[in-house]
Amino acid sequence: MLVDLPPAVQHEHHQAAPAAADPHAGHAVPTPADPHAGHHMPAPAAPASETKPPPIPTDHAAERFYSPAAMAAARAQLVKEHGGGTAWTVRADVLEYRSRKGADAQAFEGEAWWGGDASRWVVKARGERVDGEGWEHGEAELLKAWPVGPYFDLQAGVRYDLAPKGRSYATIGFEGLAPYWFEVQGAAYLSDQGDVSARAEASYDLRLTQKLILQPRLEGDLAEAGAARLEGGVRLRYEITKEFAPYVGLIRERAFGPAVIAGERAGSTAVVIGVRAWR
């Protein structure tokens, strides 16, 4: 049986319950104490650049096991490998016998140098002797070299021709390693007679194996009065050691200018056998 009640009575049971009392009401919450209160804070450390570096150590562990002589040699090698030292070498690039039509010949070309990273002294020599005719030409150069980059040196000095006749020259040139491992050098000469000449060379080492190397080489000379010479060839060498390598090869030489017009031989081909060495 349903009984109609007034609206006010119907909603009496929907009224919200009174809010619960706050258990912390009237309590004071303490502020946490500062753990650094009363402590003295040091000033920030000075930058490393403003502090003194530590002293250089004078005791070395290696000295307990090696003699003073061994340590001195090791330190000298360390200085040499990191620059600032001096070095030297003597090198024979060409030392060969040339078998060709007509008179055979012997030829040599090499250089020696001494110095360091900033500059060095260079001595170059070359020549060719023909059987039955004597020295066809021979020359020596004394040069001072300065680096003009990581791979090239600028060279300047004097040259003296020993054969066929004595003559002096002022020299300026370059020597170095071009991109793709081409070894190149060139020079211009001014003689004591006022004549100008020039020379350029280029070679490349093609490694067939670790010890067998094929070297194409091209050399050109431009002398006074329009005379010129061009020599090209290949040499195959076997490096018994890095410092000693016998070789065989084939070269072709060609002359241009007044000498050819006068009736001298224009060109020749030779089979060569020789050795390349350095120390």
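# A walk through the strands and the space between them

Start by selecting strand 1 (87–100), strand 2 (105–115), strand 3 (120–130), strand 10 (212–222) and strand 11 (228–238): each of these gives at least two residues to the lining of the largest cavity. Keep in mind that you are looking at a predicted model.

**Stop 1: the largest cavity**

With those strands shown, look for the space they help to line. The largest cavity has a volume of about 150 Å³. Which residues sit closest to its centre? Of the 14 lining residues, pick out Arg 98, Glu 109, Arg 126, Glu 219 and Glu 231, which are the closest to the centre. Now colour the lining by residue class: you should get three nonpolar, two polar and nine charged residues. In total, the count comes to three cavities of 30 Å³ or more.

**Stop 2: zoom out**

Switch to a cartoon view of the whole protein. You'll find three helices and 13 strands. Of the 279 residues in the protein, 25% are buried. Take the contacts with a separation of 6 or more: 39% of them link residues 24 or more positions apart.

Next, colour by confidence. The average pLDDT is 85, and 80% of the residues score at least 70. Select residues 1–17 and you'll see pLDDT under 50 throughout, with one contact beyond four places in sequence in the model. Where pLDDT is low, don't read the predicted coordinates in detail.

**Stop 3: Glu 201**

Go to strand 8 (residues 196–204) and select Glu 201. Is Glu 201 buried or exposed? Its relative accessible area is 9%, so Glu 201 counts as buried. Show the side chains here and you can draw a 3.1 Å polar contact between those of Glu 201 and Arg 217.

Leaving out residues up to four places away in sequence, Glu 201 touches Glu 109, Arg 126, Glu 183, Val 184, Gln 185, Arg 217, Leu 218 and Glu 219. You've met some of these names already: Glu 109, Arg 126 and Glu 219 are among the residues closest to the centre of the largest cavity. Before you leave, try the distance tool on two C-alpha atoms: Glu 201 and Gly 220 are 6.5 Å apart in space and 19 residues apart in sequence.

**Stop 4: Glu 175 and Asp 153**

Now select Glu 175, in strand 6 (residues 167–178). Glu 175 is buried, since its relative accessible area is 16% and the cut-off is under 20%. Its side chain makes a polar contact of 3.2 Å with the side chain of Lys 124. Beyond its neighbours within four places in sequence, Glu 175 is in contact with several residues, including Arg 91, Glu 111, Tyr 151, Phe 152 and Asp 153.

Follow that last contact to Asp 153, which lies in strand 5 (residues 152–163). Asp 153 is buried as well, with a relative accessible area of 14%. What does the side chain of Asp 153 pair with? Turn on Arg 120: a polar contact of 2.8 Å joins the two side chains. Among the other residues that Asp 153 touches, outside the four places on either side, are Ala 145, Trp 146, Pro 147, Val 148, Gly 173 and Phe 174.

**Stop 5: the second largest pocket**

Select Glu 136, His 137, Pro 164, Ala 223 and Arg 229 together: of the 42 residues that line the second largest pocket, these lie nearest its centre. The pocket has a volume of about 1200 Å³. Colour its lining by class and you get 17 nonpolar, six polar and 19 charged residues.

Stay on Pro 164, in the loop between strand 5 and strand 6. Look at the peptide bond leading into it from Ala 163: this bond is cis, with omega near 5°. Most peptide bonds are trans, and most residues other than glycine have a negative phi. The second half of that rule matters at the next stop.

**Stop 6: two positive phi angles**

Finish in the loop between strand 6 and strand 7 (182–191), where you can select Tyr 180. Phi of Tyr 180 is near 70°, a positive value in a residue that isn't glycine. Then select Trp 181, in the loop between strand 6 and strand 7, where phi is also positive and near 70°. Are these side chains' residues buried or exposed? Tyr 180 is exposed, at 69% relative accessibility, and Trp 181 is exposed too, with a relative accessible area of 64%.

Technical notes. Residues numbered from 1 in each chain as written. Heavy atoms only, no water. 1 Å grid on protein atoms, 1.4 Å probe; cavity = no way out; pocket = protein on both sides within 12 Å on 5 of 7 lines; lining within 4 Å. Points joined across faces, edges and corners; volume = space filled by probe spheres on them. Helix = DSSP H or I, 4+ residues; strand = E, 2+ residues; numbered from the N terminus. Nonpolar A, V, L, I, M, F, W, Y, C, P; charged D, E, K, R; others polar. Buried < 20%, exposed > 50% of the residue type's maximum accessible area, 1.4 Å probe, protein only. Polar contact = N/O pair within 3.5 Å; in protein donor to acceptor, adjacent residues only side chain to side chain. Contact = heavy atoms within 4.5 Å. pLDDT = per-residue confidence, 0-100.
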